[in-house]
Amino acid sequence: MSRLHRSTAATAVAAALAVLPASVAAAPPAAAHAAPHRARISTAHVLPGDRVYPEGIAADPGTGALYAGSFADGTIYRMRPGLRTAEVFLPAGADGRHTANGLEVDRAGRLWVTDSSSGVAVYDTRTRRLLARFTVPGEDRRFVNDLAIAPDGTAYLTDSARSAVYRVTLRDLAAARGGTGTLAVAFDLDGVLDPHGPADFTLNGIVADPAGRFLLTDDMLGGDLYRLDPATGAVRRVVLQGGDMHNADGLELQHGRLWTANNLDNVLTRWRVAPDGARARLERRLADPGLQVPTTLVRRHGTLYVVRSQFDKGGPLGDGVPETPFTIAAVRGI
C-alpha cells in the first residue's frame, strides 16, 4: 500500500470499530422480532492469493461472469460460470489502482472499478482496455466506496469520507474516453445525515431502482437508509420497520426487495421496499460467522454471491491470520 492508502485504511478501521459496540449493545427492539433465518451457505468461488481481502463484486449481465476486487492491492478477479477458481482479470496496481472497492458491469459490457483513494476506472470486459478514469477533485480526504448504474447508464458513486454521491453520465464517459475526467457531486448529504465527526465514515452501499425513479444509499454509522431522486436532487430518509442499517455495507435491489451485507455483524438481511422507495420492512435476517465479515453481495438466479472479506483477520480491521483461500460464498434461501 502507498502511504495514502495506509492512512485511509487506518481511518476506516477506527470508524468501523467505533460503531461496533453501539450496533451490538443498542440494537433496536423491533429487530428482535425478525426471527433468525436458516439458509444454505456454501463456497461458490475461490480467489487465488494469500492476501486478497476482497471487497466488491459485480455480475456481467451479458456473460454471467462475476468480478471481484481486492481491497489490499486492487487486483480484479473474474469468475466464469461453472469454474470454481477465479482468474486474475486485471493485475494488482494496474493503472495506478491502489484498491478495488465497488464494482459494477453495465449493459454495454464496461466494468467500473472504484479506487477508494482516487475515484473510478472504466474497462472494456472484452479487451481489458482502460476506457476512462474519473477522479475526485482537490486534495481533501476522500474514500470512494461503492457504485450503482442507473437504467439510463449514469453511474453514481458514494464517498464515505465526504458524505457525497458523485455522478458520471454517458456524455461524461464519451468526453473522457481514453483519458481522465473529474467526478461531479450529484448529492451532498453532509448536512442531511445524523451528526457525525469529521473522521467518521458514513455513506457506503448504493443501488438504483430498475425503473430509474430513485437511488438508495445507506449510512453505516447512523443506521439509516436514504432515498435519492436523480430527477430533482431531493433526499429523504427511508422509513425502516423492524431494523436499521448499522454496519450495512453493500446493497442489492431486485423486484422490490433489498438485500444488505452487514460487515462487522456477519449478517445478511432482506427488506421489502415500497414501490416509491419511501419505506422498507425487514423480512429476513441471517447471522452466521461463516460469512467472514461480508462486505457486499450480488444476486443471480435466486442465489446471493457474498464477498467474504476477512477484514478482521490480518486485514484493515484487525490482526491475525486469514483463512486461505479467500472465497465468495453462495447463499440460498434468504
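Select first H255, which lies in the loop between β20 and β21 (257-262); strands (E, at least two residues) and helices (H or I, at least four) are DSSP runs numbered from the N terminus. The model is a predicted one, in which local features need pLDDT of at least 70 and side-chain atom pairs count only at pLDDT 80 or more, while totals for chains, interfaces and linings use all residues. Residues are numbered from 1 along each chain as its sequence is written, and side-chain values use heavy atoms, with hydrogens and water left out.

**Backbone details in the loops**

Although H255 is a residue other than glycine, its phi is positive, near 50°. H255 counts as exposed because its relative accessibility is 69%; the term exposed means over 50% relative accessible area, buried means under 20%, and partly exposed lies in between (1.4 Å probe, protein chains only).

Move next to N266, in the loop between β21 and β22 (267-273). N266 is not a glycine either, yet has a positive phi of about 55°. With 16% relative accessibility, N266 counts as buried.

Then select T324 and P325, which are joined by a cis peptide bond with omega of about 5°. P325 belongs to the loop between β25 (303-308) and β26 (326-332).

**Strands β3, β4 and β5**

Display residues 66-70 (β3) with β4: the two strands run antiparallel and are joined by four bridges. Strands are said to pair if DSSP finds at least two bridges between them. A68 has Y77 of β4 as its bridge partner. Five residues separate the strands of this hairpin, and G74 in the hairpin takes a positive phi near 85°.

Add β5 (residues 87-90), which runs antiparallel to β4 and is joined to it by three bridges. Here Y77 has V88 as its bridge partner. Now show the side chains of β4 (residues 76-79): I76 and R78 on one side, and Y77 and M79 on the other, are all buried, and both faces of the strand are covered.

**The largest nonpolar core**

Select L47, I57, L66, M79, Y305 and I328, which touch the most other members among the 26 residues of the largest nonpolar core. Such a core is a set of buried Ala, Val, Leu, Ile, Met, Phe, Trp, Tyr and Cys residues joined through side-chain atoms within 4.5 Å. Two or more residues come from each of β1 (40-47), β2, β3, β4, β25 and β26. With three residues, β26 gives the most to this core.

**The four-stranded open sheet**

Colour β10, β11, β12 and β14, which form an open sheet in that order with antiparallel pairing. β10 and β14 (184-188) stand at the edges with a single partner strand each, so one side of each has no neighbour in the sheet. Within the sheet, β11 (residues 155-159) and β12 (residues 164-168) run antiparallel and are joined by five bridges. A155 has V168 of β12 as its bridge partner.

**The largest pocket**

Finally, select A59, E104, V105, I149 and E252, the closest to the centre of the largest pocket among the 46 residues that line it. On a 1 Å grid over the protein atoms alone, a pocket is an open set of points where a 1.4 Å probe fits, with protein on both sides within 12 Å along at least five of seven lines; lining residues have an atom within 4 Å of a point. The volume of the largest pocket is about 930 Å³, counted as the space filled by probe spheres set on the points. At least two lining residues come from each of β2 (54-59), β6 (103-105), β10 (144-149), β15 (203-208), β20 (248-254) and β24 (294-300).
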